[in-house]
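Work through the exercises below with the structure open beside you. Try each task before you read its solution.

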Amino acid sequence: MNWFTVIKVIAISIIVSIISFFSINIDFIPYISVSSIIFITGLILFDIRKNKQIFCCTFSVLLTNLGIFLGEKYLEGYRICFDVIDFIYIGYLSLLVILFIISLCIRRKDNKNKIENFFSEREDDCKLLLEYLKKYPIVGLQALWGDGKTYICNYLKSKNKNFYFISISLMTLQIDTVEKILVNELNSLFKRKRIFSLASSKVNNYLEKNIPHGLGEFLTKNESYTELYESIIDGVNKLDKPVVVIFEDIDRINEKSIIFKLFSILELLTSKTNKIKACYQYDADKLTEILKIDSKYLEKYIPFYINLTPISFERTLKILLEKGKTEQLYNNILLNDISFIFQRQYLDFDLRKLINIESEFAMTYYFTIRSVVFFLDELDKLLELQEYASDKKVLITFLTIKHFLPNIYKSLSFNDRFSECKYFEYEKENKTIAEIITLLQSTEAGKKIEVYNKVFAPHSDNLTYLIIFHLFGYKFFIKNEDTSEGDERVKSLLNEDVHSIEIKEHNDKIDRLIWNLLYFGKSDKTDKENAVKEFEKILDNDTFEKQVNAYKDFSKRAFYRNFEKPDNSTIFLLGIDSFFPVFQGFRIYEKNPEYWIKLIDFYFEYKEIKTISASLIHNLNNCNISFRDVYFHILSKFIRLDIKGNLNETNCYPKFLNEYIGAFSRLGFISTHELEWYSIGNKPIKDPKKYTELYCSIATKLTELKKKTPLEQIQHSAKIMKDFLKKNVRLMLADKSLQEYVSKIETSTSCEDSLNKFYKEIEEHELTGEELRKYLEEKYNQNKISAYGIERIWEKYGEDNQEATT
């Protein structure tokens, strides 16, 4: 607390009170009323614990004022008679004294940020700075913004007794206020040390008369400035130790004239006395850019400087997290969660296979201490949100870009997926990561390493983007463009392998999370993930009727894209069973076997599954049969289905056999290594009798298992698996051959013919407006009509064309 200010306030209060009370006659009641109002208002508006200085001054003024008032009344002949007024004044006086003592005893909590004092490097830098200040009049402290320049100076002020320190922030400096701020700061120091100086009043008077001139001009030309100069030097020389004037972040001043003026003033002052020293804080690159000079010319003004010791990102993180734990900070962050950022990265396994190259790299950028603090603060806050807790890697990588790689952060956009942006430059063309992989794949083996090193040169932007892709956790693969149409395209979608789907969903999930972090209103879920969450709500209904109504409502909302987050779209595919993408989504995102069983029950009942078909097999191929209960639930339903024909010519059925019979071994019942010998694969079955012999061999093992196990549950499971084998033997030997499930999407040549039946129904029932819209929606949800067909019908019968059609 500044006692000089308190004493000054008390002195002024005494003078004003004496003049007021001895010239104006004020009675006891008006005085206590006005004084109490001031007192109570202060207590209501301000917290005494956080405003020690103002309350000390206020209570001092009130006590002084009360003392003068009572003294004046005493001189008029009033004496204490212990009536009501006397007790009120005694209570008021006692309360003021108590609160004044309390205000004196309050200790302000030190809120200064002392994070950097955990770094031994900064201790050493501080020692070096002290030695430079002892020896040289002007010293520069050079480092990036946020790397501890201000801390070192504050630490030096708190620990060192050899200097007086004055800190001047230059953010708001104007060309005509440089001298004024400097002299005022020095004058404040003179007052604290009880040194009389007219420097402050002289500079103010001079500036009012001679604004265009500067202190440098006074030293050589102006007589009034000479007096000012002598006043400053005289005051400084009276100090018992030198004063260090610290100029904070001079590289933030945009006007170079102000900076040069500072240099000139301090150069001249330090040349006249060894009691003044200057310490400039700056980033050399930014300062030389502002001044438009090179570093050699800068030495003319700052001949001696020290560089702060760089501290690695890994060490900064460790120390800040250790310190944070002691202060109950960063409770949601573990060092192991962040360590992947600074560890060496290796090419993704799939990418190594694709391009046949081994390579490693690491994030080598330097990050300042303050930027790491901001990074940890935001990371800790976002980890409190449930939606990011399971996606820490994406969140941490995103914040790494946001706080440390601003150029990459600026390139992020909600219009483009990060995984599909053309970030990589090669031979003056911008390419996506997929295009770069294709380029490397097509390069001759002997030149592949050369091209790779050219694309991902050390310290290049391309390498930085590759590192970012790895940090986000993208999985690299080449998406072959499917140029097939109609039924062939549908077959391609139905038989797409699970690994490929999982990779695309994985990358889509990362893109969605980036969008959501960039704009919180965007969905963080993929379309399939969103559909799974919606379907879980459907399956939570306790009756089949309620589930059906909820499913129809979901289908309607999917048609209009009426989801919680509008950027989520429908997963339904034209011409494909509506449950197929639902099973795909469950395969990737559903980890609860109870929901799997509910989905299978709902699917069988809603679709009225009675016979084995290709459509059923496609959906069962997407089931997660690693859950034993789910697996046997499916088998129990499958063995009760009717057989209408074999599926030997399809691609889905051999895959089904591999998965479901191979599960005998994966779930720990019997060995099914014979499946590998026969190499069923995913190709159509040409010789079904060959596989019936194999399944008879496996059935024999199940019979032995059933005899040897003492547990009825395992015996029952063995029976179900054996019945499943028998059912598939019968299925493969069936006479009639069933075809692959195909699309009902109309081609351009047959579209008009297929729409005739809809035209007829619409005309018979005279459907228009909203009725027509509901009719089309129903047919669309039943996969009986395509989007193109709806467009043709609406063009013919929609509201805008009713009059023309009539």
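Helices here are DSSP runs of type H or I with at least four residues, numbered from the N terminus. The model is predicted.

**Exercise 1. Place a lysine.**
Task: Find the helix that holds Lys 509, and decide whether Lys 509 is buried or exposed.

Solution.
- Step 1. Locate the residue. Lys 509 is found in helix H25, which covers residues 498-518.
- Step 2. Recall the cut-off. Buried means under 20% relative accessible area.
- Step 3. Apply the cut-off. Lys 509 has a relative accessible area of 13%, so Lys 509 is buried.
- Step 4. List the contacts, not counting residues up to four places away in sequence. Lys 509 touches Asp 391, Asp 524, Lys 525, Thr 526, Glu 529 and Tyr 589.

**Exercise 2. Get the overview.**
Task: State how many helices and strands the protein has, and what share of its residues is buried.

Solution.
- Step 1. Count the elements. There are 39 helices and nine strands.
- Step 2. Check the burial. Of the 806 residues in the protein, 48% are buried.
- Step 3. Look at the contacts between residues at least 6 apart in sequence. Of these, 74% join residues at least 24 apart.
- Step 4. Turn to the surface. The accessible surface is about 42,800 Å², and 52% of it belongs to carbon and sulfur atoms.

**Exercise 3. Read a sheet.**
Task: Give the strand order of the five-stranded open sheet, and name the strands that stand at its edges.

Solution.
- Step 1. Write the order. The five strands run S2-S3-S4-S1-S5, and the pairing is parallel.
- Step 2. Find the edges. Strands S2 (164-169) and S5 (304-307) each have a single partner strand, so one side of each is left without a neighbour in the sheet.
- Step 3. Note the turn. Neighbouring strands are turned by 20° against each other on average, direction ignored.
- Step 4. Zoom in on one pair. Strand S1 (residues 138-142) is joined to S5 by four bridges, and the two run parallel. In this pair, Val 139 stands opposite Phe 304 of S5.
- Step 5. Add the helices. Helix H6 (residues 149-159) packs on the sheet and touches S1, S2, S3 (243-248) and S4 (276-282). The direction of H6 makes about 150° with that of S4. Helix H7 (residues 178-192) also packs on the sheet. H7 touches S2 and S3, and its direction makes about 150° with that of S2.

**Exercise 4. Classify ring pairs.**
Task: Decide whether the pair Tyr 551 and Phe 579 is stacked or edge-to-face. Do the same for Phe 583 and Tyr 603.

Solution.
- Step 1. Start with the total. The count comes to 55 aromatic pairs.
- Step 2. Take the first pair. The ring centres of Tyr 551 and Phe 579 are 5.4 Å apart and the planes stand at 25°, so the pair is stacked.
- Step 3. Place this pair. Tyr 551 lies in H27 (residues 544-559) and Phe 579 in H28 (residues 579-589), so the pair ties together parts that are 28 residues apart in sequence.
- Step 4. Check burial. Tyr 551 is buried at 4% relative accessibility, and Phe 579 is buried at 0%.
- Step 5. Take the second pair. The ring centres of Phe 583 and Tyr 603 are 5.2 Å apart and the planes stand at 80°, so the pair is edge-to-face.
- Step 6. Place this pair too. Phe 583 lies in H28 and Tyr 603 in H29 (residues 593-606), so the pair ties together parts that are 20 residues apart in sequence. Phe 583 is buried at 0% relative accessibility, and Tyr 603 is buried at 1%.
- Step 7. Widen the view. One aromatic cluster includes Tyr 551, Phe 579, Phe 583 and Tyr 603, with Trp 596 also among its members.

**Exercise 5. Follow a buried leucine.**
Task: Find which helix holds Leu 616, and which residues Leu 616 contacts beyond its neighbours within four places in sequence.

Solution.
- Step 1. Locate the residue. Leu 616 sits in helix H30 (residues 614-621).
- Step 2. Check burial. The relative accessible area of Leu 616 is 0%, so Leu 616 is buried.
- Step 3. List the contacts. They are Tyr 603, Phe 604, Ile 609, Thr 611 and Leu 641.
- Step 4. Link back to Phe 579. The C-alpha atoms of Leu 616 and Phe 579 are separated by 9.7 Å, while the residues are 37 apart along the chain.

Definitions and conventions:
Residues numbered from 1 in each chain as written. Predicted model: local features only at pLDDT ≥ 70, side-chain atom pairs only at ≥ 80, totals over all residues. Heavy atoms only, no water. Phe/Tyr/Trp six-rings, centres within 6.5 Å; stacked < 30°, edge-to-face > 60°. Buried < 20%, exposed > 50% of the residue type's maximum accessible area, 1.4 Å probe, protein only. Contact = heavy atoms within 4.5 Å. Areas by Shrake-Rupley, 256 points an atom, 1.4 Å probe, with all protein chains shown as cover. Pairing = 2+ DSSP bridges. Axes fitted to C-alpha atoms, helices over the stretch in contact; angles between N-to-C directions.
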